[in-house]
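Got the viewer open? Let's take a walk through this model, one selection at a time.

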Amino acid sequence: MAAILDRYTREQSRTDLAIRMIGHEARTYLIRSCTGLSEDRIRKLYNVYFRQEGIPISRHRGKTPRQPEYFTRTVTTQLESTTFIRVCLAAGLVQVKRNNRVTARMGSNSTEYGQRFCNAYDAYLTLHNPPALSFERAWNLVDALCRGHVVGMSTCRRCEVAFLADTLGLQEPICPACCLRSLQ
Ligand SMILES: [Zn+2]
């Protein structure tokens, strides 16, 4: 009996997570990698919980947007991206090692990662609404940061706070908050 209950709980949490991710307009392949549910099952969940209920949710097709330059393009996106990374730290998704190197704390293809990521994204939404980062952009931000691809954490020369920076940039590291302050 315990084994059956265990299985039920696991199934239930995978379904809950899939519904949550559909609500954030995540692409099917991301939902599949976290929940292990089939494409068909995900489509049915979307139909039952969103389409038939008249809840307007976009289903994005094709490849997810992957331009790491996006995160440091404006002071606003840079500030929000920095906030999101801090939330991810608190959610136990990533860790910061020496020299501001960010690494993943767990593989991204698990229900636990998906749940923690949704928690982090919901926390970010309460701070920035409307958000500069869509769910998928936020997902790719963590991915790019852990791979050290174009973006990385840097320490501000003025206030010494760690922030998300363009690692290809040659300017001295000044955080978005200090940039805004100097504009005033
Ligand atoms: Zn600063």
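## Two domains to start with

Begin by colouring the chain in two parts: domain 1 (2-51) and domain 2 (69-183). Bear in mind as you look around that this is a predicted model. The centres of the two domains, taken over C-alpha atoms, are 27 Å apart. Where they touch, domain 1 brings 13 residues and domain 2 brings 11 residues. On the domain 1 side, helix 1 and helix 2 each supply at least two residues, and helix 1 gives the most, with five. Colour that side by class and you'll get five nonpolar, four polar and four charged residues.

Now zoom out and show the whole chain as a cartoon. You should find seven helices and four strands, running along the sequence as α-α-α-α-β-β-α-α-β-β-α. The C-alpha trace spans about 60 × 35 × 25 Å along its principal axes. Of the 184 residues, 26% count as buried. Look at contacts between residues at least 6 apart in sequence, and 56% of them join residues at least 24 apart.

## Into the core

Next up is the largest nonpolar core, which has 36 residues. Select Met-21, Ala-138 and Leu-141 to get your bearings, as these have the most contacts inside it. Quite a few elements supply at least two residues each, including helix 1 (2-23), helix 4 (75-90), helix 5 (111-127) and strand 3. Helix 6 gives the most, with seven residues. Domain 1 and domain 2 both contribute residues, so the core lies between them.

In general, nonpolar side chains tend to be buried together in soluble globular proteins.

Stay with Met-21 for a moment. What is Met-21 in contact with, leaving aside its neighbours within four places in sequence? Select Ala-26, Leu-30, Ile-31, Cys-34, Gly-114 and Cys-118 to see them.

Then hop over to Ala-138, which sits in helix 6. Why does Ala-138 count as buried? Ala-138 has 25 C-beta neighbours inside 10 Å, and 20 or more is enough to count as buried. Outside the four places on either side in sequence, Ala-138 is in contact with Phe-84, Tyr-121, Tyr-124 and Leu-133. Try a distance label between the C-alpha atoms of Ala-138 and Tyr-121: they are 17 residues apart along the chain, with a separation of 7.7 Å.

## Helix 2, end on

Select helix 2 (28-35) and highlight Ile-31, Cys-34 and Thr-35, which are buried. Turn the view to look down the helix axis: the buried residues fall within an arc of 80 degrees, so they line one face of helix 2. A helix has 3.6 residues a turn, so residues three or four places apart point the same way. Bring back helix 1, helix 3 and helix 5, which are part of what covers the buried residues of helix 2. Just after helix 2 comes Gly-36, with a positive phi near 75 degrees.

## Last stop: a hairpin

Finally, select residues 151-155 and 162-166, which are strand 3 and strand 4. The two strands pair in the antiparallel sense over five bridges. Click on Met-153 and look across to strand 4, where Leu-164 stands opposite. Strand 3 and strand 4 form a hairpin, with six residues between them. Which residue in the turn has a positive phi? Click on Glu-160, where phi is about 65 degrees.

Terms used: Residues are numbered from 1 along each chain as its sequence is written. This is a predicted model: local features need pLDDT of at least 70, side-chain atom pairs count only at pLDDT 80 or more; totals for chains, interfaces and linings use all residues. Two strands pair if DSSP finds at least two bridges between them. A nonpolar core is a set of buried Ala, Val, Leu, Ile, Met, Phe, Trp, Tyr and Cys residues joined through C-beta atoms within 7 Å. A residue is buried if 20 or more other C-beta atoms lie within 10 Å of its own, exposed if 12 or fewer, and partly exposed in between; C-beta atoms are placed from the backbone. Domain bounds come from an automatic or database domain assignment. Two residues are in contact if their C-beta atoms, placed from the backbone, lie within 7 Å. The arc is that of the directions from the helix axis to the C-beta atoms. Ala, Val, Leu, Ile, Met, Phe, Trp, Tyr, Cys and Pro count as nonpolar, Asp, Glu, Lys and Arg as charged, and the others, Gly among them, as polar.
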